[in-house]
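Subject: A structure to look through

Hi there,

I am passing on a structure for you to explore. Have it open next to this email as you read.

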Amino acid sequence: MSPAWLSVALIAMLGGAVLFVFSRYNTLVRSQKRVQEAWSGIDVQLRRRGSLVPNLVETVRGYAEHEREVFEQVASARGAMQRAGSAGQTAAASNQLTQALGHLFAVVENYPQLRASENFLTLRQDVLDTEDKIAFARQFYNRNVLDYNTRIATYPDAVLASHFGFNPAEFFETDGDGRAEVHVSFDGASTRPHAPAAPPAA
Amino acid sequence: MAETAAPLLVHNRIDANRRNTRLLVVCFTVLLLPVVWGVSWLLAWGGVPSFGFQVGSRLSLVGSWRFNIITFCIAVLLTILAFAAVYLTSFFSWFLLWKSGARPLGKGWLELRQVVENLCIGAGLTPPTLYVTTSEVPNAFAVGCAHNQASLVVSKGLLTLLDHRELSAVVAHELSHIANRDTDLSTLLAAFASVARLPQRMFMSVSSIPPLFGTAGATITGVTLGGLLVYLVMIMSDPDLVWFQLAVLMLIPSYLFLLAPLMIAFVRKTISHERELLADADAALLTRDPEGLALALAKVSAAVGAPVSSDSAFAHMFFIDPTPPPSFSWVRGVSPTHPSPDERIDLLRRMGDGIVEDLGAASEAGVNYRGEMLLRQYAPPKPRVAARDAIASPEPPAPTVRRTGDSAKPVHALTSQWKTGSRFQLIDDETPLYEKPDGWSTVLQRLSPGLVVTFMGFEGNFARVRTEHTEGYIARIAAAQPTAQSS
């Protein structure tokens with residue numbers, strides 16, 4: 001083989017390798033952007049709930065002023081939400097707020113007048129719907145994180161990821177009472193969960 | 001196939017499916033090439049008039065100018081057809097919506113809206129446009145040529161029959177079809193299927209005239225078998241040009257009536273069987289409630305089979321095969337469009353915590369619903385208003401409507417009891433008022449329930465009506481009842 005051909009082949013191979021690296025890198029970036037986008041999906045719903053909570057608390061306070069403990073729980077959970085920085089902290093604070101709201105709704109059961117108040121019913125419906133939406137947004141976010149984390153942990157992307165500083169993203173975990181994962185298997189033999197985000201339902 | 005090896009994310013699935021579709025097109029082209037070659041050869045050989053040219057030996061035709069021109073023409077034609085198919089897909093999704101009588105979801109139906117919205121958040125999809133059909137047969141399907149221009153159609157019957165949990169499961173199943181980009185392919189298939197069945201349908205509609213009915217089957221079989229026989233004889237004997245042309249002509253019916261429907265049925269089976277199961281699995285992953293889907297399957301499969309036929313060319317698009325079992329045809333028997341409900345439930349049984357609830361009760365509910373539905377269809381039109389109330393509509397009809405509903409019999413618009421100049425009150429939410437007697441024309445206004453309109457006469461499937469300010473057409477299927485004064 002003549003040297004001319006050899007150099008052409010070498011250049012072609014080098015070019016191919018460079019193109020390959022580019023495309024892998026772009027895929028990684030895209031994957032990371034999707035995680036961020038999915039996070040903003042959660043964020044929107046968290047904010048929506050955040051804006052509903054003060055109204056809800058005010059409405060309930062009008063009827064049940066002396067239930068201080070519950071209001072304090074809600075207030076401290078809201079504070080934690082505002083301070084939270086990372087996905088893990090936000091998730092913890094969000095779970096805390098969900099629990100506090102659960103207590104609030106339980107307390108309301110003792111106030112028939114409040115239960116019949118239309119304003120309260122609308123607010124409660126909105127909050128419950130937002131809780132649902134948060135759960136679904138969380139599911140989508142966790143799937144994205146799983147996809148991204150798997151990418152940057154497996155060869156050949158792992159090399160690129162460590163070189164360019166792609167760090168694993170944090171899952172948005174819930175504590176147990178959230179919606180449990182379902183294991184899919186077509187032959188009944190394998191039951192490995194798809195995402196480690198939530199423990200199976202009790 | 002062990003676990004779902006499919007990619008987790010919508011984006012990755014779309015990429016993967018796009019690759020698969022391209023592969024399919026390439027395979028199809030490669031498969032078609034010999035056909036093009038063969039057809040050109042046949043045509044060059046004897047199918048076209050020879051115009052006085054000497055026809056040489058058969059093999060020498062390959063490479064002759066005539067052969068080349070014909071091959072080229074056919075190839076161009078196929079390319080045009082392929083592009084047409086792409087446009088046909090987008091046209092057909094509109095056609096399907098129109099054909100199913102779907103109307104955009106009016107105000108209300110908050111539950112359905114929320115379910116769709118939430119599941120879309122979970123799947124990372126743009127929410128599809130929602131439509132509802134007036135059909136009381138519970139079913140649903142999705143159409144659309146891109147995952148961000150999709151439409152989801154549910155029947156009123158589905159909303160009546162299913163509870164929140166089961167409705168979520170069905171919606172999740174349809175959203176999975178959208179996310180997996182099945183809607184493109186199945187719309188295209190529906191287009192092909194209905195085109196391929198066109199001659200058959202034309203023949204059937206002619207032959208359904210009673211005196212001809214008995215001869216129809218015999219004619220089809222006779223023409224088909226006769227064509228094949230003549231063709232075989234021609235191939236074996238030394239061909240005479242006139243006979244040969246006749247043989248080619250005789251091949252056309254056997255293609256139209258036998259081969260084309262069979263091919264479509266086969267393709268539909270192979271494609272939709274697996275995709276249905278995959279969509280079920282995806283739906284269970286999305287709702288995390290395989291049991292809900294199993295309950296929905298049990299209920300809906302028990303409730304369909306009502307004598308409300310739908311075009312079987314679209315059968316594969318629905319949540320459950322909507323074609324009634326009695327109209328069994330051998331093509332469909334050989335290749336059903338859906339896996340059986342039992343097979344689908346079996347798959348779901350192996351997910352999550354299995355199925356604890358009693359499916360028998362669910363299918364009993366479906367059977368009961370079906371019975372009631374049949375009663376409503378064959379009984380006097382009394383239950384029209386009652387049926388509306390039974391639907392868990394968040395907006396009950398205006399009190400005035402209900403009052404007149406008690407005194408006067410509610411009238412379905414389709415009946416001929418309407419007289420010109422009489423006044424009627426609309427029942428449905430947001431009845432569209434069209435500019436022309438045509439579902440494609442501009443919607444002038446959406447009329448609210450309880451509005452009184454003056455009836456001006458029928459035009460086709462539309463009724464010309466006058467409201468206080470404007471005049472237009474409403475569909476004959478729009479629900480209305482006479483006002484107290486006119487009756």
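Below is what was found in it, starting with chain B and ending with chain A.

Please keep in mind that this is a predicted model.

**Chain B as a whole**

Chain B has 15 helices and 12 strands. It is 487 residues long, and 36% of them count as buried. If you take the contacts in chain B between residues at least 6 apart in sequence, 71% of these join residues at least 24 apart.

**A sheet in chain B**

A good place to begin is an open sheet of four strands in chain B, with the order β1-β2-β4-β3 and mixed pairing. Which strands stand at the edges? They are β1 (103–104) and β3 of chain B, and each has a single partner strand, so one side of each is left without a neighbour in the sheet.

You can follow the pairing from strand to strand:

- β1(B) and β2(B) are antiparallel, with two bridges; here B:P104 has B:Y131 as its bridge partner in β2(B).
- β2 of chain B (residues 129–133) and β4(B) run parallel and are joined by five bridges; B:Y131 has B:V153 as its bridge partner in β4(B).
- β3 of chain B (residues 140–143) and β4(B) are antiparallel, with four bridges; B:F141 also has B:V153 as its bridge partner.

Try finding B:V153 on your screen: it is the bridge partner of B:Y131 and of B:F141.

Is strand β4 of chain B, residues 151–155, mostly covered or mostly open? It is mostly covered, as five of its five residues are buried. B:S151, B:V153 and B:S155 point one way from β4(B), while B:L152 and B:V154 point the other way, and all are buried.

Helix α5 of chain B (residues 164–179) lies across β3 and β4 of chain B, and runs at about 20° to β3(B).

**Two more helices in chain B**

Helix α10 of chain B covers residues 290–303. Its 14 residues reach 20 Å from the first C-alpha to the last, close to the 20 Å expected at 1.5 Å a residue. Because 14 of the 14 residues of α10(B) are buried, this helix is largely enclosed by the rest of the structure.

For a contrasting spot, look at B:E117, which is in helix α3 of chain B, residues 110–123. B:E117 is partly exposed, with 15 other C-beta atoms within 10 Å. Its C-alpha atom is separated by 6.2 Å from that of B:P127, and the two residues are 10 apart along the chain.

**Helices of chain A**

Now turn to chain A, where helix α1 (residues 3–63) packs with helix α6 (residues 157–164) at an angle of about 70°, their axes being 10 Å apart. That angle makes α1(A) roughly perpendicular to α6(A). Which residues meet there? A:V21, A:R24, A:Y25 and A:L28 in α1(A) meet A:D157, A:L160, A:A161 and A:F164 in α6(A). By class, this contact of α1(A) with α6(A) has six nonpolar, no polar and two charged residues.

Helix α3 of chain A (residues 87–108) has 22 residues and reaches 31 Å from its first C-alpha to its last, close to the 32 Å expected at 1.5 Å a residue. Its buried residues include A:A93, A:Q96, A:L97, A:A100, A:L101 and A:L104. An α-helix has 3.6 residues a turn, so residues three or four places apart point the same way. Among what covers the buried residues of α3(A) are α1, α2 (68–83), α4 (112–116) and α5 (118–153) of chain A.

Enjoy exploring!

Technical notes:
Residues numbered from 1 in each chain as written. Chains lettered and ligands numbered in written order. Predicted model: local features only at pLDDT ≥ 70, side-chain atom pairs only at ≥ 80, totals over all residues. Buried ≥ 20, exposed ≤ 12 C-beta atoms within 10 Å, placed from the backbone. Pairing = 2+ DSSP bridges. Axes fitted to C-alpha atoms, helices over the stretch in contact; angles between N-to-C directions. Parallel < 35°, antiparallel > 145°, perpendicular 65-115°, else oblique. Contact = placed C-beta atoms within 7 Å. Nonpolar A, V, L, I, M, F, W, Y, C, P; charged D, E, K, R; others polar. Expected span 1.5 Å × (residues − 1).
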